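User: I am in my first year and would like a close look at one part of this structure, namely how its charged side chains are paired or left unpaired. Could you take me through it step by step?

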Amino acid sequence: RVVRGAAEAVVDQLTPRDLVGVTNGTNGTVVFPLTTLSDKAKVKQQIESMILGDPPSYIPDLTAADAQLVQTKAAIKHIIMLGDGDATVGDYRSVIETIHRHHITVSTVAIGSDAGGPALMQAIAGWGDGRLYESNRVQDVPQIYLTETRESLQRMSVQGVHNTRRP
């Protein structure tokens, strides 16, 4: 419920000029393809119907997000990945560096991580030129997503991209 609430809270912050896409964290399944946000209720309905899991790797979802984002001309291309950091299967560095070469940044939210989890999430955020957020309280996740969305928008504005929305 918390993951869904966080995603829905971010959708509420977006405008009809923004693009949104959602994967469910399980084998790169796209539950809402990247598109202009014309119907918030429809996106939220798709988020509510997601089947969530604890994958062995985040790579399929990162790759799915990358595949959708590379097709846009959006000024801001940013992935916010939520996980506990225990999905250690795969070569994250090469995947994230490829995503970053596509001018896509990646931030991570480590929630309820064990001893090794934050290290993987920090590395992914570092390779993706993003930020790491950590919490052991699932109640923090919606606010973290909102904070990261604002930070991403603000960062692009500071770097000189004044139209941070899709034309």
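Analyst: A residue is called buried when its relative accessible area is under 20%, exposed when that area is over 50%, and partly exposed in between. With that cut-off in hand, please keep in mind that this is a predicted model.

Side chains of opposite charge can pair when their charged atoms come close. The structure holds three salt bridges, and the pair formed by Glu148 and Arg131 is a good place to begin, with its closest N and O atoms 2.7 Å apart. This bridge joins distant parts of the chain, since Glu148 belongs to helix H6 (residues 141-158) while Arg131 sits in the loop between helix H5 (117-127) and strand S5 (132-135), 17 residues apart. Glu148 has a relative accessibility of 0%, and therefore it counts as buried.

Another bridge brings together the side chains of Asp12 and Lys44, at 2.5 Å from N to O. Here too the partners come from distant parts of the chain, with Asp12 in helix H1 (residues 2-13) and Lys44 in helix H2 (residues 40-48), 32 residues apart. Asp12 is partly exposed, having a relative accessible area of 39%, and Lys44 is also partly exposed, with a value of 22%.

The bridge between Arg93 and Glu97, whose side chains meet at 2.8 Å from N to O, lies within a single helix. Because the two residues are four positions apart in helix H4 (residues 92-101), about one helical turn separates Arg93 from Glu97. Arg93 is partly exposed at 46% relative accessibility, and Glu97 is partly exposed as well, with a relative accessible area of 30%.

What, then, is the nearest side chain of opposite charge to Lys77, which is buried yet has no salt bridge? That side chain is Asp66, and it is 8.1 Å away, whereas a salt bridge needs the nitrogen and the carboxyl oxygen to be within 4 Å, so this pair does not qualify. Lys77 itself is found in the loop between helix H3 (59-69) and strand S3 (78-83). Its side chain does reach the backbone oxygen of Thr72, at 2.7 Å. Leaving aside residues up to four places away in sequence, Lys77 touches Leu69, Val70, Thr72, His102, His103, Ile104 and Thr105, so that Thr72 appears both among these neighbours and as the residue whose backbone oxygen is reached by the lysine side chain.

Conventions:
Residues numbered from 1 in each chain as written. Predicted model: local features only at pLDDT ≥ 70, side-chain atom pairs only at ≥ 80, totals over all residues. Heavy atoms only, no water. Buried < 20%, exposed > 50% of the residue type's maximum accessible area, 1.4 Å probe, protein only. Lys, Arg positive; Asp, Glu negative; His and termini not counted. Polar contact = N/O pair within 3.5 Å; in protein donor to acceptor, adjacent residues only side chain to side chain. Contact = heavy atoms within 4.5 Å.
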